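I opened my notebook today with two things to look up: how one pair of helices packs, and what the cysteines are doing. Here is what I was looking at.

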Amino acid sequence: MRHHDLVVLGAGSGNAVIDERFAGLDVAVVNEGPFGGTCLNRGCIPSKMLAHTAEVADTVREAGRFDVDATLDGVRWTAVRDRVFGRLDQEAADGERARRRSGHVTVHRGRARFTGERTLVVEGDGGEVRFSAGQVVVAVGSRPVVPPPVRDSGLPYETSDTVMRLPAPPRHLAVLGGGYIAAELAQVFHSAGSRITVVEKEETLLSAQDEAVSAAYTRIARSRFDVRTGVALNRLEGEPGRLRLLLDDGSVVEADTLLVAVGRTPNSDTLDADRAGIALHDDGRIVVDSRQRTTAPGVFALGDVCTPVPLKHVANREAQVVAHNLLHPGDLTATSYEAVPAAVFTRPQIAQVGRTERECRDEGLSYRTATRRYADVAYGWALEDTTGFCKVIADPGTRRLLGAHILGPQASTLIQPLVLAMSLGIDAPTLAGSPYWIHPALTEVVANALLDLDL
């Protein structure tokens with residue numbers, strides 16, 4: 001049996017662990033799909049490239065709001081898709097090629113399973129390959145959840161893994177789920193010309209967001225889509241191209257295509273983790289400590305397969321921690337999940353960091369809130385924006401931010417000063433009053449919300 005010094009399972013963020021510091025080791029990377037993982041091939045990057053294209057199309061459609069006469073002749077979906085994936089497929093191929101040419105990295109193609117303590121078998125097109133490892137990094141990610149009414153129907157459906165590569169926009173796309181993936185992809189296909197129906201069991205869309213954001217986004221979505229909230233799917237029937245979603249309130253949604261976007265589940269169930277002594281949480285995530293160590297000696301994990309915060313920028317930070325700890329076992333560092341920001345690239349954008357107001361109430365915290373609308377600042381006037389706002393939450397004792405929530409154009413950028421303040425311990429009055437804030441930039445909405453806090 002061949003022995004590798006280090007084996008990395010997964011070529012998404014796991015691949016980022018290996019850099020020139022590992023050149024003296026015999027390293028192996030095991031991956032079943034294209035290099036780059038979910039983010040590059042079927043997640044963050046293609047969805048945002050499509051989302052920006054959708055925003056361009058919507059800007060032309062709404063040009064009349066700015067007294068500009070313009071018409072949208074159409075969205076060339078096939079050309080858009082090919083532009084996006086032509087670039088990303090090449091990136092994935094180049095990433096694998098670079099690893100194979102590195103001289104110290106062996107690439108094993110296929111799905112890995114543990115057969116014992118740091119021993120593995122990879123099953124691929126070329127048969128089985130067995131080997132042992134001095135240390136292992138598990139970074140096999142996650143996959144979309146498909147609920148039984150869909151999975152057991154025998155009828156076709158799409159997930160975020162597949163829907164972005166469709167040959168044409170659906171005539172009528174039913175979206176099962178109301179989270180961030182559903183929000184982004186519904187907007188993409190709406191802009192491409194699809195009729196959209198969203199089915200969500202919660203009473204609002206994006207229910208994990210702050211209540212003000214969730215309520216506002218749900219109102220906006222209802223103005224564009226057929227939104228069914230507070231209902232669940234009982235049964236899926238019909239035939240390919242003519243699907244019928246039977247909901248638990250007795251209503252029926254007819255669509256030619258179904259997108260399932262109800263969540264994701266870790267791929268830990270593919271590993272035979274128990275054979276390696278790797279413990280799992282009840283939800284399937286691998287148990288790790290703050291140093292990203294699993295319960296098995298010499299085995300680390302990172303990314304969606306273990307993290308409590310399944311975001312790409314978090315997985316990349318975890319990869320940095322794992323790389324350091326592999327190389328410096330006597331000087332271990334830890335992963336922090338304080339002040340982790342997130343964004344939803346729908347229309348309008350949404351960004352958040354820290355606690356929601358509901359979480360503050362549930363934790364019994366003393367807090368103050370302030371909200372400023374985009375319409376209250378000069379650049380909001382330039383945008384003719386009527387729905388955007390920035391909401392900040394702070395502790396009146398320490399005057400530090402507990403959370404921040406932005407809905408509107410450029411939200412994913414505007415959140416960053418608030419992330420920095422929470423990360424570096426800068427209180428709200430200092431952040432508002434010490435630096436200059438450019439006038440009339442949109443950042444004034446953030447500064448004014450901070451100034452409005454009653455601290």
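My entries on the helix pair come before those on the cysteines.

**Entry: the helix pair.** I kept in mind that this is a predicted model. I began with helix α2, residues 44–61, and helix α5, residues 180–191. At what angle do they pack? I found about 45°, and their axes are 9 Å apart. That angle makes α2 oblique to α5. I also looked up the handedness, and α2 passes α5 in a left-handed crossing.

**Entry: who touches whom.** Next I listed the residues that meet. From α2 I noted Ser47, Lys48, Leu50, Ala51, Ala54, Ala57, Asp58 and Arg61. Their partners in α5 are Glu184, Gln187, Val188 and Ser191. I then sorted the residues of this contact of α2 with α5 by character: 5 are nonpolar, 3 polar and 4 charged.

**Entry: the cysteines.** How many disulfides are there? I got a count of 0, using a cut-off of 2.5 Å between cysteine sulfur atoms. I wanted to know why Cys360 is unpaired, so I checked its closest cysteine sulfur: the one in Cys390 is 15 Å away, too far for a bond. Looking from the other side, I found Cys390 in no disulfide either, with the sulfur of Cys360 as its nearest cysteine sulfur.

**Entry: buried or exposed?** I checked Cys360 and Cys390 in turn. Cys360 counts as buried because its relative accessibility is 0%. Cys390 is buried too, with a relative accessible area of 0%.

How values were computed: Residues are numbered from 1 along each chain as its sequence is written. This is a predicted model: local features need pLDDT of at least 70, side-chain atom pairs count only at pLDDT 80 or more; totals for chains, interfaces and linings use all residues. Side-chain values use heavy atoms; hydrogens and water are left out. Axes are lines fitted to C-alpha atoms, for helices over the stretch in contact, and angles run from 0 to 180 degrees between N-to-C directions. Helices (H or I, at least four residues) and strands (E, at least two) are DSSP runs, numbered from the N terminus. Angles under 35 degrees count as roughly parallel, over 145 as roughly antiparallel, 65 to 115 as roughly perpendicular and the rest as oblique. A crossing is left-handed if the near helix is turned anticlockwise from the far one by less than a right angle, and right-handed if clockwise. Contact means heavy atoms within 4.5 Å. Ala, Val, Leu, Ile, Met, Phe, Trp, Tyr, Cys and Pro count as nonpolar, Asp, Glu, Lys and Arg as charged, and the others, Gly among them, as polar. Buried means under 20% relative accessible area, exposed over 50%, partly exposed in between (1.4 Å probe, protein chains only).
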